[in-house]
Amino acid sequence: MIDMKQFHDAAFIDDAEIRSTLEEAKNLAKDKNAVRKILDKAREYHGLTHREAAVLLELDDPDLEKELYRLAKEVKEKIYGRRVVLFAPLYVSNHCVNGCTYCGFHADNKSMCRKKLSMEEIDQEADAILALGHKRIAMESGEDPVNSPLEYIIDSMRRIYAYKNAKGDSIRRINVNIAATTVEEYAKLKAEGIGTYILFQETFHRPTYEKMHPTGPKSNYEWHTTALHRAQQGGIDDVGTGVLYGLYDHKYEMTAQLMMAEHMEAMFGVGPHTISVPRLREAEGVDLKKFPHLMTDTQFLRLIAVIRVSTPYTGMILSTRETAETRAKALELGISQVSAGSCTGIGGYHKEIGQPDRADTAQFKISDDRSPDEVLTWLCEDGYIPSYCTACYRQGRTGDRFMSLAKSGQIRNICQPNALLTFQEYLRDYASDHLKELGEKVIAKEIEEIPSDKVKELTIERLEKIKDGASDLYL
Ligand code: SAM
Ligand code: SF4
């Protein structure tokens with residue numbers, strides 16, 4: 001039953017509690033026994049409270065730090081195995097009525113070339129994204145009730161799901177990253193087959209939020225901070241959150257992020273499905289020198305490790321905002337999903353010969369411009385299994401059903417084989433010769449690692465069917 005009462009009370013982000021957590025953390029971090037106790041608790045894979053997590057962010061003992069990093073890797077492998085899920089963002093419109101000071105799309109940026117994809121252009125983009133091998137997209141749009149109302153978002157979703165390329169492939173999961181809205185509108189998105197609804201908080205620190213969002217509907221902190229709750233009320237039980245790191249102090253933000261996860265868990269029995277860790281990047285009309293809270297790489301990697309051990313069952317997403325080098329390190333510490341071959345402009349995947357690049361419509365500059373084939377090669381060489389799996393949400397394994405599988409350790413037994421099946425399909429349809437050879441070796445090795453004989457047998461049988469031309473097979 002959909003609860004239509006619009007939840008919009010952000011009191012769960014309690015500034016005094018965050019301040020006191022950070023104060024206490026500074027002291028506890030000096031006490032090795034206290035830190036060890038927290039690490040021991042994290043080793044049980046049940047996560048940590050925001051108070052415990054804050055201590056790990058403060059610690060500066062090199063041995064304990066190493067232990068934390070080892071543990072983050074261990075937690076990730078225990079829950080998810082070595083599979084890494086791939087996706088691409090699809091920007092459908094950069095019209096925006098908001099004044100977010102950090103974003104190239106903000107309403108006052110007159111030099112931004114505004115564009116919204118027509119339905120024909122959506123087909124072209126879907127075609128180009130499929131040609132990169134993707135099956136999962138994150139649909140992105142600016143907020144504009146006239147140019148991109150919910151009806152436009154829904155039409156775009158329908159068009160994308162309906163599109164089939166020459167090989168008969170289609171996009172199998174659309175995650176949606178659009179502005180905060182009402183329970184009714186979230187229920188409509190659910191009815192259209194949304195994967196995860198993603199909304200970044202940007203910053204939990206109210207005064208900074210108000211400064212960064214001077215104009216437009218997004219300037220309402222209360223409404224924005226409670227959007228994922230309303231999405232849950234509207235029936236979307238996979239929701240994704242994230243802070244835009246660089247707007248305010250990252251220790252404050254991470255503590256608040258975990259408080260939000262705790263509140264959602266208490267209210268709905270399930271926390272966020274994913275946590276993204278975007279860092280502020282250069283953008284058209286945005287001067288990074290005006291942002292005093294940019295994080296160093298070291299701080300960033302620590303943050304990822306702490307979130308990993310604190311919320312072991314939550315997927316962690318890293319985009320091409322980060323360099324190849326940082327992505328490699330972050331993957332070790334807990335990231336489970338990465339984008340590849342991304343474009344943050346409107347209509348940037350489909351490049352017509354003679355047409356200019358769509359860089360003039362881009363939201364921000366990316367730092368990893370490797371092709372998906374190159375990204376997959378890197379993943380294989382580093383011992384990971386690339387995955388294009390979209391099975392869970394299509395099998396109804398969402399929300400608390402997904403979480404209970406994850407908590408019982410079973411998700412790994414599903415993810416690993418599904419990663420192999422979808423990777424086999426990628427190799428058959430889209431891989432370079434070099435990657436084909438490398439990938440076949442990875443698959444052969446990983447089959448042997450499947451613990452259950454029955455699952456192993458089923459996987460081998462389905463891999464053969466895929467080699468013979470079958471598509472979209474999963475457990
Ligand atoms: N317009 C919607 C919104 O703001 O929630 C959804 C999509 S917006 C295109 C996606 C995200 O990009 C924003 O939530 C913000 O965190 C991020 N972003 C904006 N400007 C950025 C920048 N300069 N560098 C990195 N990420 C940025
Ligand atoms: Fe618009 Fe989103 Fe950019 Fe803000 S972050 S200006 S809402 S596209």
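In which helix is Glu125 found? Glu125 belongs to helix H5, which covers residues 119-131. The model described here is predicted. It holds two cavities of 30 Å³ or more, and ligand 2 sits in the largest of them. The points below cover the cavities, the ligand, a pocket and three helices.

**Largest cavity**
- The volume of the largest cavity is about 750 Å³.
- Its lining is made up of 45 residues, and those nearest the centre are Glu140, Asn177, Phe200, Arg321 and Gln363.
- Three strands each supply at least two residues of this lining: E1 (83-93), E2 (136-141) and E7 (315-318).
- By class, the lining residues of the largest cavity are 24 nonpolar, 14 polar and seven charged.

**Ligand 2**
- Ligand 2 is placed in the largest cavity.
- Ten names make up its surroundings: Cys96, Asn98, Cys100, Tyr102, Cys103, Phe105, His106, Gly142, Lys218 and Gln363.
- Gln363 is thus listed around ligand 2 and also among the residues nearest the centre of the largest cavity.
- The shell around ligand 2 has five nonpolar residues, four polar and one charged.

**Second largest cavity**
- The second largest cavity has a volume of about 250 Å³.
- It is lined by 21 residues, and Arg83, Val85, Arg136, His273 and Phe402 are the ones nearest its centre.
- Strand E1, helix H15 (391-394) and helix H17 (411-429) each give at least two residues to this lining.
- Strand E1 therefore contributes at least two residues to the lining of the largest cavity and at least two to that of the second largest cavity.
- The lining of the second largest cavity divides into nine nonpolar, seven polar and five charged residues.

**Second largest pocket**
- The volume of the second largest pocket is about 330 Å³.
- Of its 20 lining residues, His46, Glu265, Ser310, Thr311 and Pro312 are closest to the centre.
- Helix H11 and helix H16 (399-407) each supply at least two residues of the pocket lining.
- H11 gives the most to this lining, with four residues.
- The pocket lining has eight nonpolar, eight polar and four charged residues.

**Helix H11**
- H11 runs over residues 250-268 and has 19 residues.
- From its first C-alpha to its last, H11 reaches 26 Å, close to the 27 Å expected at 1.5 Å a residue.
- The buried residues of H11 are His250, Tyr252, Glu253, Met254, Thr255, Ala256, Gln257, Leu258, Met259, Met260, Ala261 and Met264.
- Just after H11 comes Gly269, with a positive phi of about 80°.

**Helix H14**
- Helix H14 (residues 372-381) is largely enclosed by the rest of the structure, because eight of its 10 residues are buried.
- Those buried residues are Pro372, Asp373, Val375, Leu376, Thr377, Trp378, Leu379 and Cys380.
- Gly383 follows H14 and has a positive phi, near 90°.

**Glu125 in helix H5**
- Glu125 counts as buried because its relative accessibility is 1%, and buried means under 20%.
- Glu125 and Ile18 are 107 residues apart in sequence, and their C-alpha atoms are 43 Å apart in space.

Conventions. Residues numbered from 1 in each chain as written. Chains lettered and ligands numbered in written order. Predicted model: local features only at pLDDT ≥ 70, side-chain atom pairs only at ≥ 80, totals over all residues. Heavy atoms only, no water. 1 Å grid on protein atoms, 1.4 Å probe; cavity = no way out; pocket = protein on both sides within 12 Å on 5 of 7 lines; lining within 4 Å. Points joined across faces, edges and corners; volume = space filled by probe spheres on them. Nonpolar A, V, L, I, M, F, W, Y, C, P; charged D, E, K, R; others polar. Near = heavy atom within 4 Å. Sits in = over half its atoms within 2 Å of the grid points. Expected span 1.5 Å × (residues − 1). Buried < 20%, exposed > 50% of the residue type's maximum accessible area, 1.4 Å probe, protein only.
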